[in-house]
Amino acid sequence: MMQHYLLLTPGPLTTSDTVKAAMLKDWCTWDDDYNLDVVQKIRRQLVKLASPGHTPGEATGYSSVLMQGSGTASVESVIGSAVGKEDKLLVINNGAYGARIAEIARYLEIEYRVIDFSETQAPDMALIEDALATDPAITHVAMVHCETTTGMLNPVEAMAELCRKYNKVFILDAMSSFGGMTLDVARLDIGFLISSANKCIQGVPGFGFVIAKTVLLEQCRGQARSLSLDLYAQWHTMETANGKWRFTSPTHVVRAFDQALTELKQEGGIKARANRYRQNQQLLVAGMRELGFEALLSQDLHSPIITSFYSPDSEEYRFAEFYQRLKAKGFVIYPGKVSDADCFRIGNIGEIYPADIKRLLTAVAEAKYW
Ligand SMILES: *Cc1c(COP(=O)(O)O)cnc(C)c1O
């Protein structure tokens, strides 16, 4: 198969040929060839990936649900099903994805409060603690793990600690980090973790997934504000009907995801993948700096997922021209999303290796026309 260019984006991202090949067949959900058990296997594996501290077979208290749609659909299914009529959601916002969670709450007419922080600084935990200590109506807290807007890694451990201290349900949007960084849901006492098929697991887009405490999933019963995004109903059907989805399932995407999970295991699991991503990111930042590009964030705030670089300070520079030149050399980069700085972004997740980053750096040097 011919790959014309690598996607250095936050998703959909570059997948292996074997993941793509898993889709070259028209699968029928209820036929034995498809093997409905594939869904149950995936659900078990997801819980296992999120529970590295557990010995195999040990009960984790967690379960997982797969949900059709883009990652946002899964976030919306959690917010719309977990936060009850009498509940109140606190949203930590320091980027477009934090803001999106607040927007979901607004659409669904859920009681919520947002604390806004700068996109380029770590959230102030003292301010968050103050809100939790003084607003007893708050029952749930939502935070983004890797804020893909900038590439910032938010303080998930500190947030988890506060949620435990004030007895709040912790909802984590780990969309762009899950599978690419080690994370232990039970140790952090996370209520709901949300991610999607086409980020660090390296599948293709089409569904998202939620890893959640079983007791909290049970409490979602009858609370959903949407039929198709009813998290409890989806979970209950998968639990009781051997992995059945309520409505047409993305069969090809599921088979590709199953293959992607196999390849994650072959790579050596999340630890090995996290090492590769970190290596990619460090190589990228160091190489770009040599070429005169500065990263938006200081390295201590950085995730190993995606990096925002300041646009060159030159009259001649145009992102569109730079983009086209890089694309012609086999690399697709991403526009910036930060509100108050002129940036572009380069992702380093997906089927991307340090050798690709080295080739990219050569291409950037050649594409510099200003
Ligand atoms: C990609 C992403 C999402 C989901 O985006 P979709 O376009 O709906 O798949 C949500 N949150 C974060 C942090 C993301 O990186």
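Two strands are counted as paired where DSSP finds at least two bridges between them, and the strands themselves (E, at least two residues), like the helices (H or I, at least four residues), are DSSP runs numbered from the N terminus. The model is predicted, so that local features need pLDDT of at least 70 and side-chain atom pairs count only at pLDDT 80 or more, while totals for chains, interfaces and linings use all residues. Residues are numbered from 1 along each chain as its sequence is written, and side-chain values use heavy atoms, with hydrogens and water left out.

**The three-stranded sheet**

Select first residues 343-347, strand β14, which is joined to β11 by five bridges, the two running antiparallel. Within this pair, Phe-309 stands opposite Phe-344 of β14. On adding β13, one finds two bridges to β14, again antiparallel, and Tyr-334 has Arg-345 as its bridge partner in β14. Together these make an open sheet in the order β11-β14-β13, with β11 (306-310) and β13 (334-335) as edge strands that each pair on one side only.

Now colour β14 by accessibility, where buried means under 20% relative accessible area, exposed over 50%, and partly exposed in between (1.4 Å probe, protein chains only). Five of the five residues of β14 are buried, so this strand is largely enclosed by the rest of the structure. Cys-343, Arg-345 and Gly-347 lie on one side, and Phe-344 and Ile-346 on the other, both faces being covered.

**The seven-stranded sheet**

Move next to the open sheet of seven strands, whose order is β2-β10-β9-β8-β5-β3-β4 and whose pairing is mixed. At its edges stand β2 (62-68) and β4 (112-116), each with a single partner strand, so one side of each has no neighbour in the sheet. Inside this sheet, select β3 (residues 89-93) and β5 (residues 140-144), which pair in the parallel sense over three bridges, with Val-91 opposite Ala-142 of β5.

**Ala-82**

Select Ala-82 in helix α3 (residues 71-82), a residue that is buried, with a relative accessible area of 8%. Leaving aside neighbours within four places in sequence, Ala-82 is in contact (heavy atoms within 4.5 Å) with Asp-87, His-140, Phe-192, Cys-220 and Gln-223. Measure also from Ala-82 to Gln-219: the two are 137 residues apart in sequence, yet 7.5 Å apart in space, C-alpha to C-alpha.

**Helix α10**

Continue to α10 (residues 251-267), whose 17 residues should span 24 Å at 1.5 Å a residue, in agreement with the 24 Å between its end C-alpha atoms; the expected span is 1.5 Å times one less than the number of residues. Among the buried residues of α10 are Val-253, Phe-257, Leu-261 and Leu-264, and the buried residues of this helix pack against α1 (17-21), α2 (37-49), β10 (207-213) and α11 (269-290). Thr-262, also in α10, is partly exposed, with a relative accessible area of 33%. Just after the helix, Gly-268 takes a positive phi of about 115 degrees.

**The largest cavity**

Finish with Tyr-97, Val-144, Cys-146, Thr-148, Asp-173, Met-175, Ser-176 and Lys-199, which line the largest cavity. On a 1 Å grid over the protein atoms alone, a cavity is a set of points where a 1.4 Å probe fits but cannot get out, and lining residues have an atom within 4 Å of a point.

Terms used: 1 Å grid on protein atoms, 1.4 Å probe; cavity = no way out; pocket = protein on both sides within 12 Å on 5 of 7 lines; lining within 4 Å.
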